[in-house]
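The exercises below are to be worked through with the sequence and the coordinates side by side. Each task is followed by a solution that goes step by step.

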Amino acid sequence: MILDEGSGGAATVTRWIRDLFGREPGHRLWVVLDDPLRLALAQSWILGESGLRDDDLAEDLAADDSDNRRFGDMLAVLAEHWRSVYTMLRHGAGLLKAVNVVGADMNPPLYSSLLAG
């Protein structure tokens, strides 16, 4: 199974990482994030840029369809940060998956693509 096919958490993360390390990270990185996370990231960026709190600007930037003129600058800074944080995932997400559901008292074996030779 290819993890970026279909829907679900693993597929979403795999596509997000692929998009992050694509030619130019774009809007797709932003829209999959939930509202509170987008707002927190926008607020953090504003504080880092200006040292001031601007809730109205943060709300505007946090929208999944933001057309604010500063949105591209914010996303570029965030993407650069994410690329440095997740650099070890550039050539493979290393996501774990289990195909068999087991009872709560059993641990399924998990394999990581990072550990597979």
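**Exercise 1.** In which helix is A62 found? Determine also its burial and its contacts.

*Solution.* The model is a predicted one, and A62 is located in helix α4. The next step is accessibility: the relative accessible area of A62 is 8%, and because buried means under 20%, A62 counts as buried. Turning to contacts, and leaving aside residues up to four places away in sequence, A62 touches W30, R38, L39 and A42. A C-alpha to C-alpha distance can be added for L37, which lies 25 residues from A62 in sequence and 8.5 Å from it in space.

**Exercise 2.** Locate N68 and state which residues it touches, not counting those up to four places away in sequence.

*Solution.* N68 sits in the loop between α4 (55–62) and α5. With a relative accessible area of 16%, N68 is buried. Its contacts, under the stated sequence restriction, are L57, D60 and L61. Starting instead from L61 and applying that restriction, one finds contacts with W30, A42, W45, I46, S66, N68, R70, F71 and M74.

**Exercise 3.** Which residues of the largest nonpolar core touch the most other members, and which helix gives the most to this core?

*Solution.* The core comprises 22 residues, of which W16, L20, W30, L61, M74 and W82 touch the most other members. At least two residues of this core come from each of α1 (9–20), α2, α3 (35–50), α4 and α5. The helix that gives the most is α5, with six residues.

**Exercise 4.** How many aromatic pairs does a search of the whole structure find? Describe the geometry and the setting of the pair formed by W30 and F71.

*Solution.* The search finds three aromatic pairs. In the pair of W30 and F71, the ring centres are 5.7 Å apart and the planes make an angle of 75 degrees; since planes over 60 degrees apart count as edge-to-face, the pair is assigned to that class. The two residues are 41 positions apart and link distant parts of the chain, W30 belonging to helix α2 (residues 27–31) and F71 to helix α5 (residues 71–85). Both partners are buried, W30 having 0% relative accessibility and F71 having 8%. Elsewhere, ring pairs join W16, W82 and Y86 into a cluster.

**Exercise 5.** How many salt bridges does a search of the whole structure find? Trace those that involve R38 and D19.

*Solution.* Four salt bridges are found. R38 pairs with D35, and their closest N and O atoms are 2.3 Å apart. Because R38 and D35 are three residues apart in helix α3, about one helical turn separates them. R38 is buried at 4% relative accessibility, whereas D35 is exposed, with a relative accessible area of 54%. A separate network joins R18, D19 and R28 through salt bridges that share partners. Taking its links in turn, the side chains of D19 and R18 meet at 3.9 Å, N to O, while D19 and R28 have their closest N and O atoms 3.3 Å apart. The relative accessible area of D19 is 13%, so this residue is buried. R18, by contrast, is partly exposed at 41%, and R28 counts as exposed at 58% relative accessibility.

Definitions and conventions
Residues are numbered from 1 along each chain as its sequence is written. This is a predicted model: local features need pLDDT of at least 70, side-chain atom pairs count only at pLDDT 80 or more; totals for chains, interfaces and linings use all residues. Side-chain values use heavy atoms; hydrogens and water are left out. Rings of Phe, Tyr and Trp (its six-membered ring) pair if their centres lie within 6.5 Å; planes under 30 degrees apart count as stacked, over 60 as edge-to-face and the rest as tilted. Helices (H or I, at least four residues) and strands (E, at least two) are DSSP runs, numbered from the N terminus. Buried means under 20% relative accessible area, exposed over 50%, partly exposed in between (1.4 Å probe, protein chains only). Contact means heavy atoms within 4.5 Å. A nonpolar core is a set of buried Ala, Val, Leu, Ile, Met, Phe, Trp, Tyr and Cys residues joined through side-chain atoms within 4.5 Å.
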